Number of protein chains: 4
Amino acid sequence: MNSSIRAAIIGSTGYGGVELIRFLLRHPNVEITSVISSSSVGKPLSDGFPHLREIIVDHLDAVDIPLIKQKADVVFAATPHGVSAELVPQLLDAGLKVIDLSGDFRLKSPAVYEKYYKRKAADEVYLAKAVYGLAEVFGEQCRDADFISNPGCYPTATLLGLIPAVNAGWIDPSTIIVDAKSGVSGAGRGLSQSFHYSEMNENFLAYKVNRHQHTPEIEQVLSQIAGKEVLTTFTTHLVPMTRGILSTMYAQLTDSKSDEEFIDLYREYYKGRPFVRIRPSGQWPATKEVWGSNYCDIGFSVDERTGRVTIVSVIDNLVKGAAGQAIQNLNLMMGWDETTGLEFTPVYP
Amino acid sequence: MNSSIRAAIIGSTGYGGVELIRFLLRHPNVEITSVISSSSVGKPLSDGFPHLREIIVDHLDAVDIPLIKQKADVVFAATPHGVSAELVPQLLDAGLKVIDLSGDFRLKSPAVYEKYYKRKAADEVYLAKAVYGLAEVFGEQCRDADFISNPGCYPTATLLGLIPAVNAGWIDPSTIIVDAKSGVSGAGRGLSQSFHYSEMNENFLAYKVNRHQHTPEIEQVLSQIAGKEVLTTFTTHLVPMTRGILSTMYAQLTDSKSDEEFIDLYREYYKGRPFVRIRPSGQWPATKEVWGSNYCDIGFSVDERTGRVTIVSVIDNLVKGAAGQAIQNLNLMMGWDETTGLEFTPVYP
Amino acid sequence: MNSSIRAAIIGSTGYGGVELIRFLLRHPNVEITSVISSSSVGKPLSDGFPHLREIIVDHLDAVDIPLIKQKADVVFAATPHGVSAELVPQLLDAGLKVIDLSGDFRLKSPAVYEKYYKRKAADEVYLAKAVYGLAEVFGEQCRDADFISNPGCYPTATLLGLIPAVNAGWIDPSTIIVDAKSGVSGAGRGLSQSFHYSEMNENFLAYKVNRHQHTPEIEQVLSQIAGKEVLTTFTTHLVPMTRGILSTMYAQLTDSKSDEEFIDLYREYYKGRPFVRIRPSGQWPATKEVWGSNYCDIGFSVDERTGRVTIVSVIDNLVKGAAGQAIQNLNLMMGWDETTGLEFTPVYP
Amino acid sequence: MNSSIRAAIIGSTGYGGVELIRFLLRHPNVEITSVISSSSVGKPLSDGFPHLREIIVDHLDAVDIPLIKQKADVVFAATPHGVSAELVPQLLDAGLKVIDLSGDFRLKSPAVYEKYYKRKAADEVYLAKAVYGLAEVFGEQCRDADFISNPGCYPTATLLGLIPAVNAGWIDPSTIIVDAKSGVSGAGRGLSQSFHYSEMNENFLAYKVNRHQHTPEIEQVLSQIAGKEVLTTFTTHLVPMTRGILSTMYAQLTDSKSDEEFIDLYREYYKGRPFVRIRPSGQWPATKEVWGSNYCDIGFSVDERTGRVTIVSVIDNLVKGAAGQAIQNLNLMMGWDETTGLEFTPVYP
């Protein structure tokens, strides 16, 4: 029998926060006992999110460690970069289980963090404690962990698409080029001219080329899998849609392989992992086909002419790329079935 | 204890059909035992809907009454107008419970049906048997019914917005003007130049002005509530989005009333009906705030200068306007809690 | 022979400003001699609008009356409400011709202005001087005017749709209901949660119901045409698209009329006015069919059952609803052909 | 003094055709004397394109060579692949100048054409006559040509982004990877489930990976520039927007170079070519910044870590990628200024 736990969500007024709420409300083993935000304390959460009226009636709590400790067993920190670095150690010290959705505990090297995030890294003691929660790859380490650092959205789509091939030695990791595209919700709820409707609608653009903070996150994991340092070319683009990431990945094959061999390799690697779906040869996944769900769908094309493989993966950036994977990690932490509370069919159309 | 029933879905390859599947897969008391389509028989449903891969593995069955009778207890007919008129009587005669999502059994008058639908009406014997499943208004008649005609999308949004005021005599029904707007999925999956992405994107238009087949459906119910014949002006528009209906309704007040009085009237009328949410004065519902869910949100503004009230209601046309309400009707039919399997939080953003 | 004039644009960093630039760059009789903004003075305009790189190389001038007087003959004030009220009198006193795109000089009554705009009205002396530049209706007064107040976007679409019928006495003005819908660019370039891409995309909503500041502007003109006070019900909605307004108008007929009679009435009224196009019976205009152009397209449906007419008009809110009509007014002011510099075909698709 | 010529457009009912009309109507030296379509002959063009009502009143002509010869001096063939192969030789034999917008005369090798287009190639005699009209690169050959094959949309964006670097030997052509993204109008006006609004909206997908027919077109030109056979990896994606192509290109540098050196190289290469705009370092072009115009904007980022350069180029696929470049080619053919009739500022927002 599953016992129930009490969850607090810090950063409840961001997109990650409300998406956690959407899923946790349906989770059979979890009770949301505190919605927390540094702004609008004391007001109903639904003031800023009318879609939650009459569904969640909680008022926002302040970020108050003793209060959180009293109300909750596990904390989801859906807080901005920099805030988590300060806050998470206090939560851990208070004996709470923590799943952190920020980038603050993903990179093991403080120097690399500081180069890409342009701010001070978290304390190394806590960095060392964080388990990187890419559930399908590091799931075993997530079991019984107390502190999980939830992967970034782009790294989730990209790493799930690359790891089996790198692990098998089928592609040369030094030739990997990742061309990633994201819906606008990945940029969060903060206002900016670039995300103003009139300017983002009917528009497509590249941004942070060769500078995105998810680059070292991808490289850290690929290096670990490859057993040697891997550098990648990583480009991000914004798509005029709200949700969805599609990552197109290119690499040189180390040896001749067919589409079918790739499909078999990946199906084997992700066996028993229900949220990764491998497409048949010639069929390409579209972001809408995983919309609102925790799936990651992957397709392949080997080009014999150039000796390269093209891999395409898609996720919903707010689900598998954030809140959904966080709950998947909670399930692993707690020894529950990985899919508990996440059995949502993609919303189509 | 709830017993489980077996459900068949005819028209599984349309938007209504796949949306029924999305909800029924999570319904605790229902097992989908047959997905049926007149096209692609024998092929996996997920061939045409890759988002369902590994979620629903069923192959499409033909429309074969004995087979349906053998496999199912209840049938959802998500079939086009005209098809239901022929098919539903056979299903009923075979002793199946039926929820029909087409327009074929909504209008009691064959003559009116034939005027607006430009085709022969269904047999009057069966027309007479159909319970009009506007759950919040005719829920009592739905209980223990064997045959429910599920309301149209525009009528659902519009009638929920108008009925309490008409019922209370607060507005003059002869002055009602309905200006309704719908996302494009309301037009279904069939191809047409108007719904071609490049032409519908960044476009807004009116269509079927004074001719839409939902006009008599709205008038039939309002006449019943008002106790006299009601004619309305009803205009439909297409919005460049996939899901959502917003209905803006205007009427002359019979007597001076405030926003607050309207709010109280409606909250009282819909007491115990969790899917209707009444907004506070000055707050207007947006379609995105009910997206993917079975809610209908309603707001009001009385204008003292003109003596008119403006009422705005929103639904997700594929959920409360189709599949969700159909399942709500099944719940009523079966004596289950109205919300069973429908407790989905709107997806936001 | 047309002589050339020198134009300054105040508010060059707003959508109205850049749209004026797009058209004036192609105007054969106008030279843009100063682009003015209260922000970013001294910097190239294209810093904030990279689409103008290598097209317009001007640096932004400050709002400096003597400098404007030295550089320009005519000034377009694409400034926010409140700013124009202060600035325009100074420009006029300096002997400049002015076309003001704000709402500050549209309403003749300071009290009404103050009620709807929640700020102090402009000086009545200057209010009295302003010619209301609805070109197809008040074009004669625009000829040789020195100061034109350019109509609002909603009033332009609405008034062009209603005036011929009100003028002919065919509809009862006290029954007019206007249901208007606008693309998001109408709200300008300023940031707001409501216009954040992720929240406005796939969303449709009503706003400012019974409170929009364009209500009295519509009523002022209709009252003038009708020869008696007219009050209207006016509702505004936001459409998930960048450009376009569609206004759906309802009124009770004073006498029985056909679609064809309306079409003839309107074609006669707008004879010689190339920017108004009347659609044949049964064909409804779509916003995309005027996108990027100065056209206003209008369609009709008389409903004999209710004795009402439904009128639909569409414009591009930034062109006929702002910059395009402003240039049309300049043409009238200067005695040039109304279409000079405005012969742009709608961009489709 | 420029003399005027008479133009016929075959395929006037496609997106390329109506876009040619939009520009040619404003071209000072061209008169449209025949709009031609194999469908709807004898009907007004505006029946299918109401945005052209009262702008172009022509009725559609049949595809009748003697009639075309009588009415026109130059013919734009905006016809589907396969149709041009048959038709263009007849037009040339009749002594007409021809600009062909299809893919039928772009590839010099019939075998390669047949592999990618899956249909019979055009007669080699005519293939040999066709000048490939990438105006900024092969402009000299376009002058005085009688027959120009207008480049594809993806090749235009891609080749303008790659040619200066390949020509200078700065990148290793065997390492080129092109990740291209297009708005949906690139797929034309034909109906398909993939382009149905409800399925393409809020969706992003890859298609024809390693199989797109523009691959050999890109390779043919790069091979010519490089002086040796070049194979590329080329992937195409659909973006939920109507217009715009963004091509992200990756290649290994042959020697260390900076962003600034790339910028200088490209500015020098495109000197005197007003439609190519090179962005400063760190600024990336967005598709909306060239929307509706004939510009191609290009940005660069060299990554010293990997020794690769990332190049991003954007065009409007229907303008620089089709109709605009066709008119640019006409201008070159006729010895007119390259920009005649094309001085359109991008429409923003």
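Me: In this predicted model, A:Ser40 lies in the loop between β2 (30–36) and α2 (65–71) of chain A. Why is A:Ser40 called partly exposed?

Reply: The relative accessible area of A:Ser40 is 40%. A residue is buried under 20% and exposed over 50%. The value of 40% lies in between, so A:Ser40 counts as partly exposed.

Me: What makes the phi of A:Ser40 worth a remark?

Reply: Phi of A:Ser40 is near 60°. This value is positive, and the residue is not a glycine.

Me: A:Asn210 also has a positive phi, about 60°, without being a glycine. How do you know whether A:Asn210 is buried or exposed?

Reply: A:Asn210 sits in the loop between β8 (205–207) and α9 (214–226) of chain A. Its relative accessibility is 15%. Because the limit for a buried residue is under 20%, A:Asn210 is classed as buried.

Me: Let us turn to chain C. What makes C:Asp172 partly exposed?

Reply: C:Asp172 is located in the loop between α7 (153–168) and β7 (177–182) of chain C. Its relative accessibility is 27%. That figure is neither under 20% nor over 50%, and therefore C:Asp172 is partly exposed.

Me: Why is the pair C:Asp172 and C:Ser174 said to be in polar contact?

Reply: Their side chains are joined at 2.9 Å. A polar contact requires N or O atoms within 3.5 Å, so the distance of 2.9 Å satisfies the limit.

Me: Which residues does C:Asp172 touch when those up to four places away in sequence are not counted?

Reply: They are C:Gln252 and C:Thr254. C:Ala145, by comparison, is 27 residues from C:Asp172 in sequence and 33 Å away from C-alpha to C-alpha.

Me: The next topic is the interface between chain A and chain C. How do you know that A:Arg189 and C:Glu199 form a salt bridge?

Reply: The N to O distance between their side chains is 2.6 Å. The cut-off is 4 Å between a side-chain nitrogen of Lys or Arg and a carboxyl oxygen of Asp or Glu, so this pair qualifies. Between chain A and chain C there are 2 salt bridges. Helix α8 (residues 197–200) of chain A gives the most to the side of chain A that touches chain C, with 4 residues. By class, that side of chain A has 8 nonpolar, 9 polar and 2 charged residues.

Me: What is the area buried between chain A and chain C?

Reply: The buried area is about 1700 Å², and carbon and sulfur atoms give 50% of it. A:Leu191, A:His196 and A:Tyr197 supply 39% of the area that chain A buries against chain C, more than any other three residues. The contact takes 19 residues from chain A and 19 residues from chain C.

Me: In chain B, 6 strands form an open sheet with parallel pairing, in the order β2-β1-β3-β4-β6-β5. Why do β2 (30–36) and β5 (131–132) of chain B count as edges?

Reply: Each has a single partner strand, so one side of each is left without a neighbour in the sheet.

Me: How do you know that β1 (residues 5–10) and β3 (residues 74–77) of chain B are paired?

Reply: The two strands run parallel and are joined by 4 bridges. Pairing needs at least two bridges, so β1 and β3 of chain B meet the condition. Within this pair, B:Ala8 stands opposite B:Val75 in β3(B).

Note on methods: Residues are numbered from 1 along each chain as its sequence is written. Chains are lettered from A and ligands numbered from 1 in the order in which they are written. This is a predicted model: local features need pLDDT of at least 70, side-chain atom pairs count only at pLDDT 80 or more; totals for chains, interfaces and linings use all residues. Side-chain values use heavy atoms; hydrogens and water are left out. Buried means under 20% relative accessible area, exposed over 50%, partly exposed in between (1.4 Å probe, protein chains only). Contact means heavy atoms within 4.5 Å. A polar contact is a pair of N or O atoms within 3.5 Å; within protein, one must be able to donate a hydrogen and the other to accept it, and residues adjacent in sequence count only if both atoms are side-chain atoms. Buried area is the accessible area (1.4 Å probe) that two parts lose on being put together, summed over both. Ala, Val, Leu, Ile, Met, Phe, Trp, Tyr, Cys and Pro count as nonpolar, Asp, Glu, Lys and Arg as charged, and the others, Gly among them, as polar.
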